[in-house]
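Reader: Got a minute to walk me through this one? I'd like to start with the sheet and then jump around a bit.

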Amino acid sequence: MNRNIARAVAAVVAAVAVALPAFAGAYPLQVARNVMMYMALAITWDMLLRSGQISFGIAGLFGLGAYAAILGVVRGGMPVWLSIPFAAVVAAAAAFLLGFLILRLRAMYFSIVTLALAEMFRIVIHNLHDFTGGPEGIVMPAGVIFGGNAAALYWLTLAGLAVALAASWWFEKSRIRFALTAIGNNEISASSSGVNIFRWLLVAFTVTSGIQGLLGGIYVQSYGFATPDGVFSADFTLLPLAMALLGGMHGTVGPVLGAVLLGLVSEWLKLKIPYGHLIVYGIIIIIVILFMPAGILGLARKMSRGAEGGKS
Amino acid sequence: MILEIENLEAGYGRLRILQGVRLEVGAESVGLFGPNGAGKTTLINTILGINRPWKGSVRFDGREIGGLPTHEIARAGIALVPQERELFPGMSVADNLKLGAAYIPHAASIADRQLEMVLELFPILKERYAQLAGTMSGGQQRMVAIGRALMANPRLLILDEPSLGLQPSIVAEVFDRLAELKKSVSILVTEQNVRESLRAIDRGYVLENGAVAIEDSAEGLRTNPHVVKSYLGI
């Protein structure tokens, strides 16, 4: 019963999401694109978190993908459509190789190194002036993909979100969920159950980084230019993290919920207090951590259990 | 012999804990006793590759496994029921059990059959099948942990202090089950509760200061003056 309702809601939401350009104007579509972009990033961050690894490197892989896509076209003469999957491949390959070094680290050490990675990518691109355009950035000579058609851009971002959702669903439904949950819970129990810890962390890190790169590629082709400070902005790390925290971690639904709420609130805040919205973000994170560490979803579960307990 | 350990030395940092241990397990149930700090858990961790052996050999089924990574040792056919925090508390009983077989190639193909066997051995797990493992009582959690280890279809089942923290009636039940299990799988079990565990084992070793001090049959241990005085408290 409950599952059928959830399926029906998901089907309706998906139908509305696909059909939105038919009845929404350019501004709501722009807002929706923003929300979906951060939502997808929040989902990928959560996917790795399920193994207990907290990454602060989202912006790094997102930015790397963005630059791979734009440089692929501008310097490599790649067709624009191909540059987007190319962004995913570059970010995934980078994560795969770096994974051999950094996935030996745990907890705080892993987090700090991922944070440093993002900064490292940014500085490299900043300084390779002749190739990357340096701090001033680089522009797509042909402009925005699809000639800037609002509906097409919307669908492109929706496709990126669909990839993240599909991957997250695969992580939840397949054998990999066992491995990641086991690793997150207790590595000794995991390995003595036959789980090759390093291998599955590498799979999770590579897949999530590849999707973050893909989203970077979509983002950059949707705006037609990239600057190091723009695509490596800390926003791409902090906002997804805040969304997953607010909605509830360790699943697909929490980050989705958090992204819708925080995405819409932040859009409203941007209009009300320009540049001040990040302060409100910070306050939201503090309140969530203090009073509802399991997020909205955790709170809802707690309340529904309480209600059931009251009935019996 | 399924497990043959010879002249094994291991420890932490510069501290040598195991000082040349020799131990064998065949098609039988073997107890490993000794005071806290004697090296029981270190020995188990070294068999499983959680610690690296410094010297000596660990052979399983005739093959040297000393120094292999833990997941490969698990796949070779050794399953562990660790001393504490053995479960994945956020997963259901069903998932905890299924995980036991998911990553062991020779177990994944017969997981349904193993699951049936485990649920028959511990009927309470059938009742609590969908419950989150972390919300169960200590004794039930221990049963899930044993069940999960059995799901791997192991040739050797190692249990580290299975009675730790359990009430006496549950302890008796755990050892009853172990006595049943030893017909189908080799068992190596460490215990503080020597009296109860003597019911479930064929032979035992007493480890003191990182070396084997006594090796005897269950009956021999029961009447050994040193064992009686130090471990049975009569």
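Author: Sure, we'll take the sheet, its strand pairs and then a helix, bearing in mind that this is a predicted model.

Reader: OK, in what order do the strands of the open sheet in chain B come?

Author: The order is 6-7-8-3-9-10, six strands with mixed pairing. Strand 6 (78–81) and strand 10 (211–217) of chain B are at the edges with a single partner strand each, so each has one side without a neighbour in the sheet. On average, neighbouring strands are turned by 20° against each other, direction ignored.

Reader: Parallel or antiparallel for strand 6 and strand 7 of chain B?

Author: Parallel, over four bridges, with strand 7 of chain B covering residues 156–160. Ile78(B) sits opposite Leu156(B) there.

Reader: And how many bridges join strand 9 to strand 10 of chain B?

Author: Six, and those two strands run antiparallel. Tyr205(B) has Glu215(B) in strand 10 of chain B as its bridge partner.

Reader: Which residue takes a positive phi in that hairpin?

Author: Asn209(B), near 50°; the hairpin has two residues between strand 9 and strand 10 of chain B.

Reader: Which strands does helix 1 of chain B lie across?

Author: Helix 1 (residues 40–47) of chain B lies across strands 3, 6, 7, 8 and 9 of chain B, at about 145° to strand 7 of chain B.

Reader: Switching chains: how many residues of helix 3 of chain A are buried?

Author: 16 of the 17, so helix 3 of chain A is largely enclosed by the rest of the structure. Helix 3 of chain A spans residues 58–74 and reaches 24 Å from first C-alpha to last, close to the 24 Å expected at 1.5 Å a residue.

Terms used:
Residues numbered from 1 in each chain as written. Chains lettered and ligands numbered in written order. Predicted model: local features only at pLDDT ≥ 70, side-chain atom pairs only at ≥ 80, totals over all residues. Heavy atoms only, no water. Pairing = 2+ DSSP bridges. Axes fitted to C-alpha atoms, helices over the stretch in contact; angles between N-to-C directions. Contact = heavy atoms within 4.5 Å. Expected span 1.5 Å × (residues − 1). Buried < 20%, exposed > 50% of the residue type's maximum accessible area, 1.4 Å probe, protein only.
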